[in-house]
Amino acid sequence: MIVILLGPPGVGKGTQAKLLCDKLGFRHVATGDLLRAAKREGTELGRRAQAFMDRGELVPDDVIIAMVEELLGALDPEVGVVLDGFPRTVPQAEALAEALARMDRKVDRVLVLTAPDEVLVKRITGRRSCPACGSVYNVHFSPPRQDGECDRCGAGLSHRADDTPETVQNRLDVYREQTEPLVAFYSSGEAPVISVDGDQSVDGVQAELASAVA
Ligand code: AMP
């Protein structure tokens, strides 16, 4: 099964995708995480993506599509996948459909998480993550026990370079302009689209997502 998790920055896609994958034994494919890893490792891909990411803009479609196609091609076709942060534009969605058709697969569900902008801004600017184990915290809603330190592994927490108030508005605008049209794209018969209110507890959102893929 191929599941797409759509939604604006800060709505909880990463947290929910990880939980869903743990529950279902699916593979979590998060293009933002892959690009941040490439940046850290200083690869050619990371260097190309950095300026776009720091400004809160989308990395060019051809770069992203090549990265995801390579990854999907290497996956066991029996394993389910949750796509988090991809596709983000209609050309990416079209390229995904073509790549999946070549593998005899298709998008089975599109889950759309929603939340008001003021909630998203607070979640994004308060977000801190652990570079070592990937745990995510929020200084307003779910702070670590020790300021700036990961509860799970003790590593120092980091603040994403693009989680600043200056880039947040741009990322929300980019989402509305370039990514939200995907809801109409998939609703026109490409795949079942299910909307879930992301402005509720983590467990509440997870329960609705899990029943949507059951
Ligand atoms: P995310 O972690 O999903 O919020 O992504 C962080 C940043 O990575 C985005 O603001 C973009 O600059 C870039 N990015 C991630 N996924 C994509 C994608 N599918 N298309 C273009 N840019 C992307």
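This briefing walks you through a ligand site, a helix beside it, and a few individual residues worth finding in the structure. Keep in mind that the model is predicted. The ligand is surrounded by 16 residues, and the protein buries 95% of the 490 Å² that the ligand exposes when taken alone. Elsewhere you will meet two cysteines that do not form a bond, a cis peptide bond between phenylalanine 86 and proline 87, and an asparagine whose side chain reaches the backbone.

**The ligand and its surroundings**

- Start by finding the closest of the 16 residues around the ligand, which are Thr31, Arg36, Glu57, Gly85 and Gln92.
- Sorted by class, this shell has six nonpolar, four polar and six charged residues.
- At glutamate 57, a polar backbone atom sits 2.6 Å from an oxygen atom of the ligand.
- Glutamine 92 uses its side chain instead, with an N or O atom 2.9 Å from a nitrogen atom of the ligand.
- The side chain of arginine 88 also has an N or O atom by a ligand nitrogen, here at 3.0 Å.
- With the protein around it, the ligand has 95% of its 490 Å² buried.
- Which helix gives the most residues to this shell? Helix 2, covering residues 31–41, does, with four residues.

**Helix 2 and threonine 31**

- The buried residues of helix 2 are Thr31, Gly32, Leu35, Arg36, Ala37 and Ala38.
- These buried residues pack against four elements: strand 2 (27–30), helix 3 (44–55), helix 4 (61–73) and strand 3.
- Threonine 31 belongs to helix 2, and you have already met Thr31 among the residues closest to the ligand.
- Is threonine 31 buried or exposed? Threonine 31 counts as buried because its relative accessible area is 3%, below the 20% cut-off.
- Setting aside residues up to four places away in sequence, threonine 31 touches Met67, Val68, Asp84, Gly85, Phe86 and Arg88.
- Just after helix 2 comes glycine 42, with a positive phi of about 70°.

**Backbone features to look up**

- As background, most residues other than glycine have a negative phi, and most peptide bonds are trans.
- Phenylalanine 86 and proline 87 are joined by a cis peptide bond, with omega about -5°.
- You can find proline 87 in the loop between strand 3 (81–84) and helix 5 (90–102).
- Aspartate 104 is not a glycine, yet its phi is positive, near 65°.
- Look for aspartate 104 in the loop between helix 5 and strand 4 (109–114).
- Aspartate 104 counts as exposed because its relative accessibility is 75%, and the cut-off for exposed is over 50%.

**Two cysteines without a bond**

- The structure holds zero disulfides.
- Cysteine 130 is in no disulfide, and the nearest cysteine sulfur, in cysteine 153, is 3.5 Å away.
- Why is there no bond between cysteine 153 and cysteine 130? Their sulfurs are 3.5 Å apart, which is too far for a bond, because a disulfide needs the sulfur atoms within 2.5 Å.
- The surroundings of the two can be described as well: cysteine 130 is buried, at 4% relative accessibility, whereas cysteine 153 is partly exposed, at 40%.

**Asparagine 138 and its polar contacts**

- Asparagine 138 is part of strand 6 (residues 136–138).
- With a relative accessibility of 6%, asparagine 138 counts as buried.
- A polar atom of the asparagine 138 side chain lies 2.8 Å from the backbone oxygen of arginine 123.
- That side chain of asparagine 138 also reaches the backbone nitrogen of phenylalanine 141, at 3.2 Å.
- Beyond residues up to four places away in sequence, asparagine 138 touches Lys122, Arg123, Gly126, Arg127 and Pro143.

**Serine 158**

- Serine 158 is in the loop between strand 6 and helix 7 (165–179).
- Its relative accessible area of 31% makes serine 158 partly exposed.
- Apart from neighbours within four places in sequence, serine 158 is in contact with Arg128, Ser129 and Pro131.
- How many ångströms separate the C-alpha atoms of serine 158 and glycine 85? They are separated by 20 Å, with the two residues 73 residues apart along the chain.

How values were computed: Residues are numbered from 1 along each chain as its sequence is written. This is a predicted model: local features need pLDDT of at least 70, side-chain atom pairs count only at pLDDT 80 or more; totals for chains, interfaces and linings use all residues. Side-chain values use heavy atoms; hydrogens and water are left out. A residue is near a molecule or strand if one of its heavy atoms lies within 4 Å of it. A polar contact is a pair of N or O atoms within 3.5 Å; within protein, one must be able to donate a hydrogen and the other to accept it, and residues adjacent in sequence count only if both atoms are side-chain atoms. Accessible areas come from the Shrake-Rupley method with a 1.4 Å probe; for residues, only the protein chains shown count as cover. Helices (H or I, at least four residues) and strands (E, at least two) are DSSP runs, numbered from the N terminus. Ala, Val, Leu, Ile, Met, Phe, Trp, Tyr, Cys and Pro count as nonpolar, Asp, Glu, Lys and Arg as charged, and the others, Gly among them, as polar. Buried means under 20% relative accessible area, exposed over 50%, partly exposed in between (1.4 Å probe, protein chains only). Contact means heavy atoms within 4.5 Å.
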